[in-house]
Amino acid sequence: MRKILIIALTLIVGAGALFAVDNDQIVLKLEHGESTVPKWLLEEATLDDFDSQEDQEDDYFSEEEKTLTLYPSLKTNSTDKIVVTVSGNPLASGSVSTKIGLSASGENSDGGTAVTWDETSAADKIKWTESAAGTANRVISHKLEVTMDADDYAAAVADDGYQATLTMEISSSN
């Protein structure tokens with residue numbers, strides 16, 4: 001009887017090992033935080049084409065082209081109202097003190113007025129505020145026209161070029 005019991009236990013253990021199932025687990029996680037990606041673009045962006053558009057690094061005025069159109073744009077999933085503010089300064093050269101003034105206007109901007117960036121009013125800003133808080137991933141893209149002062153251009157004397165920097169600031173509003 002003892003042999004039968006040992007054989008039966010051995011068969012049970014063997015069968016258990018034969019039909020044993022290995023358990024393996026995986027833990028799925030999602031880290032979802034606010035994300036905002038700004039870009040300077042040459043055309044208005046949408047959610048479908050924002051990622052494929054190249055960020056504009058530089059743009060050039062010329063004697064013929066005295067107005068440049070840019071789109072300060074951003075992709076965000078923030079649930080707050082987004083405020084986009086653009087500031088700038090006049091075109092300046094490292095070799096002379098003469099500066100070329102710029103004027104800028106933002107389509108549908110808060111207040112709807114143009115600003116001037118010259119030696120006396122470089123602190124002026126153009127601002128856009130969303131009308132309602134966001135509820136999903138979205139793209140915000142605004143049209144900005146920057147015009148070089150033709151008289152200042154005609155009086156320019158530097159031969160090594162001029163440059164100005166535009167800054168896009170992104171903040172939220174409740």
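**Exercise 1.** Determine how many bridges join β2 to strand β7, and in which sense the two strands run.

*Solution.* Begin with the strands themselves, which are DSSP runs of E with at least two residues, numbered from the N terminus. Two strands pair if DSSP finds at least two bridges between them. Strand β7 covers residues 138–141, and four bridges join it to β2 in an antiparallel arrangement; within β7, Val-139 is the bridge partner of Lys-75. The model is a predicted one, in which local features need pLDDT of at least 70, side-chain atom pairs count only at pLDDT 80 or more, and totals for chains, interfaces and linings use all residues. Residues are numbered from 1 along each chain as its sequence is written, and side-chain values use heavy atoms, with hydrogens and water left out.

**Exercise 2.** Find which strands besides β7 pair with β2, and state how many residues of β2 are buried.

*Solution.* First, strand β1 (residues 36–41) pairs with β2 over six bridges in the antiparallel sense, and Thr-36 has Thr-76 as its bridge partner in β2. Next, strand β8 (residues 144–148) is joined to β2 by four bridges, again antiparallel, with Glu-145 of β8 standing opposite Thr-69. Finally, β2 (residues 67–76) is mostly covered, since eight of its ten residues are buried (under 20% relative accessible area, with a 1.4 Å probe and protein chains only).

**Exercise 3.** Work out the strand order of the open sheet of three strands, and identify its edge strands.

*Solution.* The order is β6-β3-β9, with antiparallel pairing. The edge strands, each pairing on one side only, are β6 (125–129) and β9 (167–173). Strand β3 (residues 81–87) pairs with β6 over five bridges, and Val-84 has Trp-128 of β6 as its bridge partner.

Methods
Buried means under 20% relative accessible area, exposed over 50%, partly exposed in between (1.4 Å probe, protein chains only).
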